[in-house]
Amino acid sequence: MKHRIGFIGTGEIAIIHANSIRIENPEWEIAGGYDVIDSACRIFCSIYGGRIYQSVEALLQDQTIDTVYICTRHDSHVTYSEEACKNGKNIFLEKPVALNYEDARKLLKCWKQRPVPFTVGYNMRVTPSILLLKEKLEEHNAKPEAFRLNMTGTPFMQGWAGDERYGGGVLVCQGSHMFDLIAHILKSPISEICADTQWLHQPKELEPNSAIVLVKLENGVCGTLLMHDRGNKSYHIEPGGGMINFTIYSEQGTYDVDAYGRLRYGTNDELVSIIPSGQNDIEYRWGYRNEASQFSKLLASQVTSICTLDEAVNAAAVVEAAKKSVREHRWVSVVYG
Ligand SMILES: NC(=O)c1ccc[n+]([C@@H]2O[C@H](COP(=O)([O-])OP(=O)(O)OC[C@H]3O[C@@H](n4cnc5c(N)ncnc54)[C@H](O)[C@@H]3O)[C@@H](O)[C@H]2O)c1
């Protein structure tokens, strides 16, 4: 019997995951999907197969479905994940866990009562160049001391992503991604945050779409983070483009990675530049294919580096501290669990 996947939310990212599944886990079968917009689901099923479910309950109660991919707006992540836990499904939840930390913790509590295999889609962890960065940091036994990181995107926060009811703006959309990446690569929880936000060509009735953040980690590493959605198409597709840049400083050398392209590392004496070999499709370069294959390993109880629910809830705690810092104009300690 094939492993069967149901999609809840069949928009842009669902299509990317379905493409990744087709390539990496061809033994899986897409059972269909549910979307509040019927036509979105119809298009999805016409490409990837399966049936259109008339409600989320109908999809979750289908005993032939093993795993659900939850790819909706942020406001429904907690409710759908809780229902999926109760129905015993394996869960791939797109980031972030929730619009706020309180809801994220509520889901964690529910999951602990019904601990199904669960991952959250922080794909930056497993882009080819970030995996290479991790490999080199380990190989050189590098001890990071400071970093700078930035994330851009094409303008996307003028839609639901910038609405506080559905998306949450820059700190929720991009911040949670980057806080997870920082803690994962630098191997330490974030301890303190000082943040401010800005509206860049963004209507004031929406949440800010830009943020500057100072970050301190428990292990003593410190760094800066800049995020906004004022990039253009070329940021996404140009090899070596700068949608994400992560520079890590250590006594063993400087490591500089464009998460979707090139890694450079070295000292004054030697500089090495590597572009990970492989395909040039978005699914590969942005880590979604690695996510699909690692999720399959997780379901086979193997060790992976994809994000657990606990870790994703920690990212929500940092977002909460960053929001408080913006409101109170001061450094704020991150309070976990
Ligand atoms: N990891 C990444 O790199 C990455 C990139 C893009 C988006 N995302 C995340 O993926 C999720 C979806 O984003 P997207 O870009 O695909 O958005 P999208 O708007 O293209 O698609 C979302 C789909 O969900 C549907 N939907 C919304 N609310 C629903 C509900 N309550 N029940 C059922 N369907 C509902 C919409 O009709 C739409 O078809 C978000 O969590 C977003 O943050 C992650």
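**Close-ups of the ligand and two backbone spots**

An oxygen atom of the ligand lies 2.6 Å from an N or O atom in the side chain of aspartate 35. This is a predicted model, with local features needing pLDDT of at least 70, side-chain atom pairs pLDDT 80 or more, and totals for chains, interfaces and linings using all residues. Numbering runs from 1 along each chain as its sequence is written, and side-chain values use heavy atoms, leaving out hydrogens and water.

**View 1. Polar contacts of the ligand (N or O pairs within 3.5 Å).** Besides the aspartate 35 pair at 2.6 Å, a polar backbone atom of isoleucine 13 sits 2.9 Å from a ligand oxygen. Histidine 77 joins in through a polar side-chain atom, 3.3 Å from an oxygen atom of the ligand. On its own the ligand has 840 Å² of accessible area (Shrake-Rupley, 1.4 Å probe), and the protein covers 84% of that.

**View 2. The shell around the ligand, 22 residues in total.** Asp35, His74, Tyr80, Lys95 and Tyr288 come nearest; a residue counts as near with a heavy atom within 4 Å. The mix is eight nonpolar, nine polar and five charged, with Tyr counted as nonpolar, Gly as polar, and Asp, Glu, Lys and Arg as charged. Domain 1 (3-121) and domain 2 (124-333) each chip in at least three residues; the bounds come from an automatic or database assignment. Helix 1 (12-24) and helix 4 (77-86) each bring at least two.

**View 3. A cis peptide bond between lysine 95 and proline 96.** Omega here is about -15°. Proline 96 belongs to the loop between strand 5 (90-93) and helix 5 (101-113), where helices (H or I, at least four residues) and strands (E, at least two) are DSSP runs.

**View 4. Histidine 201, with a positive phi.** The value is near 50°, in a residue other than glycine. Histidine 201 is in the loop linking strand 8 (190-198) and strand 9 (210-217).

Technical notes. Polar contact = N/O pair within 3.5 Å; in protein donor to acceptor, adjacent residues only side chain to side chain.
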